[in-house]
Amino acid sequence: MKILITGGTGFIGSALRRYLSSTPNDLVLLTRGAPGMELTGSLTVKYVRWNPLERGTWEKEVEGCDAVINLIGKNVFEQRWNPQVKQQVLDSRVVPTRLLVEAIGRAERKPSVLISASAVGYYGHRDDGIITESAQPGNDFLADLAVQWEGEAFKAEQFGVRVAVPRIGLVLERSGGMIGKMLLPFRLFAGGPIGSGRQYLPWIHMEDVVRGILFPLEQEGLKGVYNLTAPEPVTMKEFAKQFGSVLHRPSWLPVPDIALDVLYGEGAKVIVSGQRAVPERLLAAGYRFSYPALRPALEHLLQ
Ligand SMILES: NC(=O)c1ccc[n+]([C@@H]2O[C@H](COP(=O)([O-])OP(=O)(O)OC[C@H]3O[C@@H](n4cnc5c(N)ncnc54)[C@H](OP(=O)(O)O)[C@@H]3O)[C@@H](O)[C@H]2O)c1
C-alpha cells in the first residue's frame, strides 16, 4: 500500500513509522525538513519537502496513493499562548488540511481514504459526564480550532474519498508528552495531580494511538469522527496516584492552577480542564485495545 503522510516526523508520526517498519508499505512523508529516501525494515519512506502553507510540486505525490494520513500541527504546548502563537497553532492544521484536500480533488487517481487527526479538545472543558462522539463542541479556542480542522478534512468526501477523523486523547508514551513532563517531579519525590485533580484525563497508550489511526485502513466501514481514547478514562487525581504507585513514589504534592498559569498562560486551561471521553464508535467497529486499563499501560511505559 502507498500511504502519504503529513506530520510523520512528529511524536505520533515517528511511532507510526516504527510500527509500520515491519510491513511492506511505501510511505511518502511530506516534511519541512530535508528530502531523501530511507528503508526501515521492510518499509520504504520517501521524504518530500513542502511548505505546508502553500501549493507546490508536492501535490503530485498525492496521485496514486491508496491512503492519506494527516498528522500535521504546531505543538500546542511548546510556547506560552499569545494571539500570534494561537494563529500559528490554527494555521498549521487548517491550511495544510485544506491544501491536502484540494490536491486530492485534483488527483486523477485519488486515495480511497483520508485519515485526518483531530483532538478531544473539540469537546472543550467538561465536567464528569461521559462524552461520546455525538457530544456538541465546546466554546474555547481549541474547540473552535478542531471544528475548522475537521471541517476542512470532511470536504474530501465531495471527491468520493472516505474520511475518518480520530479525536485523539492525551497520548502516553515512554518519553515525551505528558509522561515526559511528569516523570522528573515524581522521581524527585515532588509529584502530584495537576490542577484540581477532579478533571478527567482522556488518556491513551501510544500503541493504541498508532493502531487506532491505522484501523480505518483495515475496517472499510469506519468513517466519520471517532474518539481515540482508552475506554477507561480516570480523574487526574487517580492518574497521579497510579503514576506514583508504579514508580514507587508519593503522589500527594499537587501542582496548583496558579503555577500552571504562570508557565503556560491561557494554554494552562487545557491541562486543568478535562473530558471523560470514551471510544464508543471504535469499540462498536470492533477495535480491541492493547491497553484498555491505565495500570498495565503505565507499567509498560514506566518500568
Ligand atoms: N500528542 C498528543 O497528545 C495529541 C493529542 C491530540 C491530538 N494530537 C494531534 O495529532 C497530530 C500529531 O501529534 P504529534 O504530537 O505527533 O505532533 P508534533 O510531534 O508536535 O508535530 C507533528 C509534525 O507537525 C509538523 N509541524 C510542527 N510544527 C509545525 C508548524 N509550525 N507548521 C507546520 N508544521 C509543523 C512537524 O513536521 P515536519 O517538521 O516534518 O514538517 C511535526 O513533526 C497533531 O495534529 C496533534 O494536534 C496530538
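This report describes the ligand surroundings, a group of paired strands and two loop residues in a predicted model.

## The shell around the ligand

The ligand is surrounded by 22 residues, and the closest are Thr 9, Phe 11, Ile 12, Thr 31 and Arg 93. Sorted by class, this shell holds 10 nonpolar, nine polar and three charged residues. Three elements each supply at least two residues of the shell: α1 (11-20), α2 (83-106) and β7 (118-119).

## Polar contacts and cover

Oxygen atoms of the ligand lie a short distance from polar atoms of the protein, as three examples show. In Thr 9, a polar side-chain atom is 2.6 Å from a ligand oxygen atom. For Gly 73, the atom concerned is a backbone N or O atom, at 3.3 Å from an oxygen atom of the ligand. Val 171 also takes part through its backbone, where a polar atom is 3.4 Å from an oxygen atom of the ligand. Taken alone, the ligand exposes 890 Å², and the protein buries 81% of that area.

## Strand β2 and its partners

Strand β2 comprises residues 26-31 and is mostly covered, with five of its six residues buried. Strand β1 (residues 2-6) pairs with β2 in the parallel sense, over five bridges. Within this pairing, Ile 3 has Leu 27 of β2 as its bridge partner. Between these two strands, the chain passes from β1 through α1 to β2, forming a right-handed β-α-β crossover. Helix α1 is also one of the elements that supply at least two residues of the ligand shell.

β2 pairs with strand β4 (residues 43-49) as well, again in the parallel sense, and here there are six bridges. Thr 31 stands opposite Arg 49 in β4. Thr 31 is also listed among the closest residues to the ligand.

## Two residues with positive phi

Phe 189 is not a glycine, yet its phi is positive, at about 60°. This residue is placed in the loop between α4 (177-187) and β11 (200-201).

His 248 likewise has a positive phi of about 60° without being a glycine. Its position is in the loop between α6 (236-247) and α7 (257-264). Is His 248 buried or exposed? The relative accessible area of His 248 is 65%. A residue counts as exposed when this value is over 50%, and His 248 is therefore exposed.

Methods:
Residues are numbered from 1 along each chain as its sequence is written. This is a predicted model: local features need pLDDT of at least 70, side-chain atom pairs count only at pLDDT 80 or more; totals for chains, interfaces and linings use all residues. Side-chain values use heavy atoms; hydrogens and water are left out. A residue is near a molecule or strand if one of its heavy atoms lies within 4 Å of it. A polar contact is a pair of N or O atoms within 3.5 Å; within protein, one must be able to donate a hydrogen and the other to accept it, and residues adjacent in sequence count only if both atoms are side-chain atoms. Accessible areas come from the Shrake-Rupley method with a 1.4 Å probe; for residues, only the protein chains shown count as cover. Helices (H or I, at least four residues) and strands (E, at least two) are DSSP runs, numbered from the N terminus. Ala, Val, Leu, Ile, Met, Phe, Trp, Tyr, Cys and Pro count as nonpolar, Asp, Glu, Lys and Arg as charged, and the others, Gly among them, as polar. Buried means under 20% relative accessible area, exposed over 50%, partly exposed in between (1.4 Å probe, protein chains only). Two strands pair if DSSP finds at least two bridges between them. A crossover is right-handed if, with the strands pointing away from the viewer, the path from the first strand over the helix to the second runs clockwise.
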